[in-house]
Amino acid sequence: MPEQLLSVLGTDGAVKKKDRPELSDQDLLLLHGTMVRTRKLDERGMLLQRQGRIGFYLPAFGEEAAHIGSAFAAEQDDVIAQSYRQPGIALLRGVSAETMLDNCFGNAEDIVKGRQMPVHYSFKDAGMISISSPIGTQIVQGAGIAHAMKIKRDGRVCITFFGDGATSSNDFHCGLNFTGVSDAPCIFACINNQWAISVPIAKQTASRSMASKAAAYGMPGYLVDGNDVLAVYEATRQAVERARSGFGPTLLEFLTFRMGPHSSSDDPSRYRPAELESEWEAKDPIERFEAFLLREGLLDEDAVKAIHAEAEAEMSKAAKASMVKPAPSIDSMFDDVYAELPAHLAEQREQLRSEGGDHAVDADAAFPL
Ligand SMILES: Cc1ncc(C[n+]2csc(CCOP(=O)(O)OP(=O)(O)O)c2C)c(N)n1
Ligand SMILES: [Mg+2]
């Protein structure tokens, strides 16, 4: 029944023994550590934008359980087709905060040489697709990736993450319809944070839930408490097992709340009441998981404080390292497009070099947004 909200953790962190997923203490601490590091990375990213050091940032405040808990149920060689609001997956998969911030600065060590927007990461080596800004494109990319996995019978699965707003896109229909028919190993993970910039969920759909849409595509759908990292993990684990065993796709809806602005360019106080924000702040997924870890005796108050301080120091160090790196060389814009540079571009490159190359660029010019 999709309308039943699946949860494991009570708001006080208590968990019924029978519902507890099989995770080792080490796993539980890794999940918690990654959630805290993600929160601190986002705080640092917003700070860097407010300081005018980067042009744009987009945080995932409040959505740490929904994406990190879910990605934790996949193996490292499974593929993630994500949107711009799941930064914790890269951290979970071993990408360093410095590498992520190199993208935000668009500096010389940025993997994509400053050609992408900030927070639009490209971490192929971590099994993650390059993030696109147009809403929903990763849903069809995920469906296609899973279809290829099915043809190759390589035993892998793909999880695609998208927001509630993306369920109104053509790509949502194409991706789910196609996969409902192909039975490819794709998990459709809708992070319902109840807002698509300023559009509330009530104006997004007249459906009872996003999970209920699964019925139309011939796949199971489950509504999961997205602020409950253990429920998110367990629901995804079961969907991954189902997909890997050849039984096809699942639609998961993680109900959560975007605790921060849509991005550094947004001011949510203009369109949503402060009381709603405080209501959801009280349901903070990190605090809820910490209540569980304290109850279980896996952490005490001092250890929690130390984990937060360590994550903050990590992000500060990463930011300091990224911000002093030079911009990509201007020559690099001629790279990667043609195997052999056509004559007219070679000529333009020569002209640029003769005009001073990198020195012709004002590195202090305002960010063009
Ligand atoms: C095709 C398309 N239309 C509109 C936009 C502008 N836009 C950027 S983010 C966004 C909201 C998306 O909301 P949701 O899918 O709920 O994801 P969230 O930002 O809440 O994580 C919109 C409309 C876009 N990027 N692409
Ligand atoms: Mg949303």
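**Exercise 1. Strand S4**

Task: Which residues of S4 point one way, and which the other way?

Solution.
- The model is predicted.
- On one side of S4 stand Cys186, Phe188, Cys190 and Asn192.
- Ile187, Ala189 and Ile191 point the other way.
- The general pattern: in a regular strand, side chains alternate between the two faces of the sheet.
- Now the burial. A residue is buried when 20 or more other C-beta atoms lie within 10 Å of its own.
- Seven of the seven residues of S4 are buried, so S4 is largely enclosed by the rest of the structure.

**Exercise 2. From S3 to S4**

Task: In which sense do S3 and S4 pair, and over how many bridges?

Solution.
- Strand S3 covers residues 158-163, and its pairing with S4 is parallel, over six bridges.
- One residue pair fixes the register: Ile159 has Ile187 of S4 as its bridge partner.
- Next, trace the connection. The chain leaves S3, passes through helix H6 (residues 170-182) and reaches S4.
- This β-α-β crossover is right-handed.

**Exercise 3. Strand S8 and its partners**

Task: How many bridges join S4 to S8, and how many join S7 to S8?

Solution.
- Take S4 (residues 186-192) to begin. Six bridges join S4 to S8, and the two run parallel.
- Ala189 has Leu252 of S8 as its bridge partner.
- Asn192 is matched with Leu255 in S8.
- Turn to S7 (residues 221-225). Five bridges join S7 to S8, again with parallel strands.
- Here Leu223 has Glu253 of S8 as its bridge partner.
- Between S7 and S8 the chain runs through helix H8 (residues 229-244), in a right-handed β-α-β crossover.

Task: Are the residues of S8 buried or exposed?

Solution.
- Six of the six residues of S8 (residues 250-255) are buried, so this strand is largely enclosed by the rest of the structure.
- Thr250, Leu252 and Phe254 point one way from S8.
- Leu251, Glu253 and Leu255 point the other way. Glu253 is buried along with the rest of S8.

**Exercise 4. The whole sheet**

Task: In what order do the six strands stand, and which strands are at the edges?

Solution.
- The order is S1-S7-S8-S4-S3-S2, in an open sheet with parallel pairing.
- Strand S1 (5-6) and strand S2 (79-81) stand at the edges.
- Each has a single partner strand, so one side of each is left without a neighbour in the sheet.
- Check the S2 end. S2 and S3 pair in the parallel sense over three bridges. Ala81 has Thr160 of S3 as its bridge partner.

**Exercise 5. The nonpolar core**

Task: Which residues touch the most other members of the largest nonpolar core?

Solution.
- The core has 89 residues, and Ile187, Val224 and Leu252 touch the most other members.
- Helix H8 gives the most to this core, with nine residues.
- Look at Ile187, leaving out residues up to four places away in sequence. Its contacts include Thr236, Ala239, Val240 and Ala243.
- Ile187 also touches Val157, Ile159, Pro249, Thr250 and Leu252.

**Exercise 6. Helix H4**

Task: How many residues of H4 are buried, and which helices do they pack against?

Solution.
- Seven of the nine residues of H4 (residues 97-105) are buried, so H4 is largely enclosed by the rest of the structure.
- Among the buried residues are Met100, Leu101, Asp102 and Phe105.
- The buried residues of H4 pack against helix H1 (25-50), helix H3 (87-92) and helix H11 (301-323).
- Gly106 follows H4 with a positive phi, near 60°.

**Exercise 7. Positive phi outside glycine**

Task: Where are Arg153 and Ile197 placed?

Solution.
- Arg153 is not a glycine, yet has a positive phi of about 50°. Its place is in the loop between helix H5 (137-152) and S3.
- Arg153 has 8 other C-beta atoms within 10 Å, so Arg153 is exposed.
- Ile197 is not a glycine, yet has a positive phi of about 50°. Its place is in the loop between strand S5 (195-196) and strand S6 (199-200).
- Ile197 has 14 C-beta neighbours inside 10 Å, so Ile197 counts as partly exposed.

**Exercise 8. Ligand 1**

Task: How many residues surround ligand 1, and which are the closest?

Solution.
- 15 residues surround ligand 1.
- The closest are Ile135, Gly163, Gly165, Ala166 and Ala196.
- By class, this shell has six nonpolar, six polar and three charged residues.

Note on methods:
Residues are numbered from 1 along each chain as its sequence is written. Chains are lettered from A and ligands numbered from 1 in the order in which they are written. This is a predicted model: local features need pLDDT of at least 70, side-chain atom pairs count only at pLDDT 80 or more; totals for chains, interfaces and linings use all residues. A residue is buried if 20 or more other C-beta atoms lie within 10 Å of its own, exposed if 12 or fewer, and partly exposed in between; C-beta atoms are placed from the backbone. Helices (H or I, at least four residues) and strands (E, at least two) are DSSP runs, numbered from the N terminus. Two strands pair if DSSP finds at least two bridges between them. A crossover is right-handed if, with the strands pointing away from the viewer, the path from the first strand over the helix to the second runs clockwise. A residue is near a molecule or strand if its C-beta atom, placed from the backbone, lies within 6 Å of it. Ala, Val, Leu, Ile, Met, Phe, Trp, Tyr, Cys and Pro count as nonpolar, Asp, Glu, Lys and Arg as charged, and the others, Gly among them, as polar. A nonpolar core is a set of buried Ala, Val, Leu, Ile, Met, Phe, Trp, Tyr and Cys residues joined through C-beta atoms within 7 Å. Two residues are in contact if their C-beta atoms, placed from the backbone, lie within 7 Å.
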